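Work through the exercises below with the coordinates open. Try each task before you read its solution.

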Amino acid sequence: MSSMRNAVQRRNHKERAQPANREKWGILEKHKDYSLRAKDYNGKKKRLKFLREKAAERNPDEFSYGMLSSKTDKHGRKIQDRGNVSLSQDAVKLLKTQDAGYIRTVIQQTRRTRERMEQEYLLMNGGKVKVLGGNTGSERGNHVIFADDLEEQQSLGVAHNKRRITSSGKNEMEEPIGHDSLEDGLDSLDKTNTDPRKLILRKAQARQDLKQQRAVRNLRKRGNETRQSRLRALKTREKELLATEQQLDHQRARMNGSIGGVNKAGVKWKVRERKR
């Protein structure tokens, strides 16, 4: 009979979850969680009770010879030697010298990495560097040419106009192709070409070229942002290492007695130089 009862499919009773209005209190505590928490609480309560009884029954006249060699701090806590051997002054100076040498080596490596990253960044941007206080490529100065007669003046004016037209044409060719230029190109294709199949193929090729150009520009932009963030991190690291080197030099100078400072009692002192 029991085997038949176990063969029948029965409902799976799931544990109740935390209600929605009590989600801020975390997962709903089950009975096994409460048992563990109660066991821990009762154990701590028993230990505290034992310590209170031991402190109440303490003999104030108790003495042991270990009290003569033990030390306590101002709060009454026992100070115990951990077996660490203090280094001599010369050993500490040597260690600080080695630390300073290591920091200088890391500073040189960081500086070389930063300079290499800056050169790569300039090369990726085509070497375009904006000089503070100088004229850019678009801001050109005026060059005055004096003509002897009217014919020479007219010839100089024609040559200047031709040079301006050619330079503007180069600038237009250097500009990236945008959405408006693509639409203008497609409109011109509509006017010039009459074959619909060729027109569709050319439009698709133009859209594909524009998509590739946008992907290349986005990739270059992300690469520049990554290089800029790495450059900022390297500059910050170099600045922190330089500050650490200065602090180490200051500590070594204080240990050698070549500069003044503040002692443990808070008294300022300085090195007196011998009169020559």
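Three exercises follow, each with a worked solution.

The model is predicted: local features need pLDDT of at least 70, side-chain atom pairs count only at pLDDT 80 or more, and totals for chains, interfaces and linings use all residues. Residues are numbered from 1 along each chain as its sequence is written, and side-chain values use heavy atoms, with hydrogens and water left out.

**Exercise 1. Helix 4 and Arg114**

Task: Find the span of helix 4, and state which residues Arg114 contacts beyond its neighbours within four places in sequence.

Solution:
1. Take helices as DSSP runs of H or I with at least four residues, and strands as E runs with at least two, numbered from the N terminus. The chain has seven helices and four strands.
2. Helix 4 has 36 residues and reaches 52 Å from first C-alpha to last. The expected span is 1.5 Å times one less than the number of residues. That gives 52 Å, and the helix is close to it.
3. Place Arg114 in helix 4, residues 89–124. Its relative accessibility is 15%, so Arg114 counts as buried (buried is under 20% relative accessible area, exposed over 50%, partly exposed in between; 1.4 Å probe, protein chains only).
4. List its contacts (heavy atoms within 4.5 Å): Leu231, Leu234, Lys235 and Glu238.
5. Widen the view. The buried residues of helix 4, among them Ile103, Val106 and Arg114, pack against helix 7 (196–256).

**Exercise 2. A long-range salt bridge**

Task: Which side chain meets Arg104 in a salt bridge, and at what N to O distance?

Solution:
1. Apply the criterion: a side-chain nitrogen of Lys or Arg within 4 Å of a carboxyl oxygen of Asp or Glu. The structure holds 10 salt bridges.
2. Arg104 meets Glu245 at 3.0 Å. The pair links helix 4 to helix 7, 141 residues apart.
3. Check exposure. Arg104 is partly exposed at 34%. Glu245 counts as buried at 16%.
4. Follow shared partners. Salt bridges join Arg104, Glu245, Asp249 and Arg252 into one network.

**Exercise 3. Two bridges towards the N terminus**

Task: Where do Lys30 and Glu15 lie, and where do Lys44 and Asp40 lie?

Solution:
1. Lys30 and Glu15 meet at 3.9 Å, N to O. Both lie in the loop between helix 1 (2–7) and helix 2, so the pair ties together parts 15 residues apart in sequence.
2. Glu15 is exposed, at 58%.
3. Lys44 and Asp40 have their closest N and O atoms 3.3 Å apart. Both lie in helix 2, four residues apart, about one turn.
4. Lys44 counts as partly exposed at 44%, and Asp40 counts as partly exposed at 40%.
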